[in-house]
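I opened this entry to see how the protein meets the DNA. I also wanted to look at how the copies of the chain are arranged.

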There are 2 protein chains.
Amino acid sequence: MSLSSQPVRSVREQIADQLRNEILSDQLPPNAPLREAKLAERFGTSRGPIRDVLLQLTQEGALIYKPNVGVRVGTPTVNEDRELLISLRRQIEVRALDTIWGHLEDEDFRAMREILDGMDRACEKKDMAAIAGSDMALHRYLIHRAGSADLEAIWLSIAVRIRMTYSRLKTFKDIWSEHVAIVDAIQALDKTAALEALEANIV
Amino acid sequence: MSLSSQPVRSVREQIADQLRNEILSDQLPPNAPLREAKLAERFGTSRGPIRDVLLQLTQEGALIYKPNVGVRVGTPTVNEDRELLISLRRQIEVRALDTIWGHLEDEDFRAMREILDGMDRACEKKDMAAIAGSDMALHRYLIHRAGSADLEAIWLSIAVRIRMTYSRLKTFKDIWSEHVAIVDAIQALDKTAALEALEANIV
DNA sequence: TTAACAAGGATTGTTGACAATCTACAATCA
DNA sequence: TGATTGTAGATTGTCAACAATCCTTGTTAA
């Protein structure tokens with residue numbers, strides 16, 4: 001097949017991804033208001049599709065909706081609640097790893113390496129939105145390959161609320177290295193290393 | 001204060017609750033299509049608010065959306081995935097119980113008893129939508145009182161996907177009794193009994 | 001008989017306009 | 001001076017109309 005077989009992504013999906021990444025990377029900081037009309041102008045649509053996106057992101061946990069007032073960027077979950085969410089997220093990711101173990105193909109590793117390449121470039125450019133997006137995309141790829149849309153949706157809802165922080169790492173490159181280690185261990189079929197790398201990454 | 005202080009529920013919220021209950025009780029069976037125009041007629045609104053509701057329920061996990069085609073009722077999660085969701089749900093509910101333990105007031109027990117009365121009436125009438133709604137409402141009350149909107153949203157997303165089944169119980173009255181036992185144990189501050197009743201209920 | 005194509009109807013997606021609600025600020029009153 | 005009220009502008013919520021897409025059925029060709 002010589003023609004591209006990339007899935008066509010809907011306008012809604014693209015806008016949602018873009019805004020989610022901006023929220024996850026703090027480009028849109030907690031409590032920042034989002035205005036339908038401005039976003040419609042920014043993305044070249046009418047307000048209708050923007051409303052859909054804002055509603056989706058609200059349900060995902062990225063935004064807080066107030067009737068007749070609008071939506072604002074939500075505050076990340078903290079303290080014990082965050083600990084519980086991290087624990088839940090880990091359980092889902094470990095389960096996904098179990099499910100896909102030994103079943104990934106060359107195409108899968110090609111796709112994950114591609115995500116890592118994007119992350120590498122984002123780290124070079126210190127582009128936090130793209131870093132956050134790649135981070136999310138890699139983990140999500142594994143969940144997605146495990147095949148349960150339900151677990152994937154719940155995982156997303158948790159991941160969005162946790163808001164990964166990168167302050168524990170010294171350099172941008174460390175963000176990338178940590179994720180490379182996960183993929184390397186999976187590809188080498190070293191489950192102990194994969195689980196360790198994965199759980200060390202979700203904190 | 002002699003005037004009612006009941007919170008006003010938005011039209012969207014009321015429609016979402018009604019449809020969710022119908023889905024949870026199988027009145028709207030898996031794979032059944034939902035049509036915007038028909039629902040708009042049924043609820044006396046335009047299609048816009050209905051689209052909002054359908055999008056919300058889709059994100060919650062009750063509906064499956066297909067671009068340009070519409071939404072259908074989702075299929076409950078089964079097998080190992082369901083086991084994991086039940087485990088996650090239990091962890092969230094146990095955490096909520098910890099958080100509220102010893103802090104509930106007379107007003108809370110009045111509210112929960114009121115939900116149980118509604119469940120009792122629903123059982124008499126064998127009204128599955130109302131039973132499912134009461135079941136959800138009681139558990140959700142506890143989560144809500146624990147004070148984390150994030151955990152509440154994730155809990156809802158899990159609960160909707162699990163779809164409680166009542167076939168393990170002999171009579172409609174058993175459904176109610178099982179929930180009475182939970183509230184009784186909480187009110188008596190008997191934590192062991194509360195945890196046992198709660199976990200036995202979520203299967 | 002089966003597969004491919006065309007057409008009509010059903011339904012969703014988008015748009016712009018109007019109605020409803022909220023917020024911020026100024027003016028007035030006690 | 002602080003509290004209350006009124007007003008204007010910003011923004012969301014809803015509506016109806018039109019555009020786009022899909023599904024179903026019927027027809028035709030191999």
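**Contacts with DNA strand D**

I began with one atom pair: an N or O atom in the side chain of B:Asn68 lies 3.4 Å from a sugar or linking oxygen of DNA strand D. I keep in mind that the model is predicted.

I then looked up A:Asn68. Here a polar backbone atom is 3.2 Å from a phosphate oxygen of DNA strand D.

Which residue has a side-chain N or O atom 2.8 Å from a base nitrogen of DNA strand D? I found A:Arg47.

**The surroundings of the strand**

I asked how many residues surround DNA strand D. The number is 16. The closest are A:Arg47, A:Arg51, A:Tyr65, A:Asn68 and B:Ser46. I also checked which part of the strand comes within 4 Å of the protein: sugar and phosphate make up 74% of those atoms.

Next I sorted the residues of this surface by kind. Six are nonpolar, five are polar and five are charged.

I looked for helices too. Helix 3 (47–60) of chain A and helix 3 (47–60) of chain B each supply at least two residues of the surface near DNA strand D.

**Two copies**

I laid chain A on chain B. The RMSD is 0.0 Å, after a turn of 180 degrees and a shift of 0.0 Å along the axis. This is the relation of a two-fold axis. Both copies use the same surface: 100% of the contact residues of chain A recur in chain B.

Conventions
Residues are numbered from 1 along each chain as its sequence is written. Chains are lettered from A and ligands numbered from 1 in the order in which they are written. This is a predicted model: local features need pLDDT of at least 70, side-chain atom pairs count only at pLDDT 80 or more; totals for chains, interfaces and linings use all residues. Side-chain values use heavy atoms; hydrogens and water are left out. A residue is near a molecule or strand if one of its heavy atoms lies within 4 Å of it. A polar contact is a pair of N or O atoms within 3.5 Å; within protein, one must be able to donate a hydrogen and the other to accept it, and residues adjacent in sequence count only if both atoms are side-chain atoms. Helices (H or I, at least four residues) and strands (E, at least two) are DSSP runs, numbered from the N terminus. Ala, Val, Leu, Ile, Met, Phe, Trp, Tyr, Cys and Pro count as nonpolar, Asp, Glu, Lys and Arg as charged, and the others, Gly among them, as polar. Copies are superposed by least squares on the C-alpha atoms of residues with pLDDT of at least 70 in both. Contact means heavy atoms within 4.5 Å.
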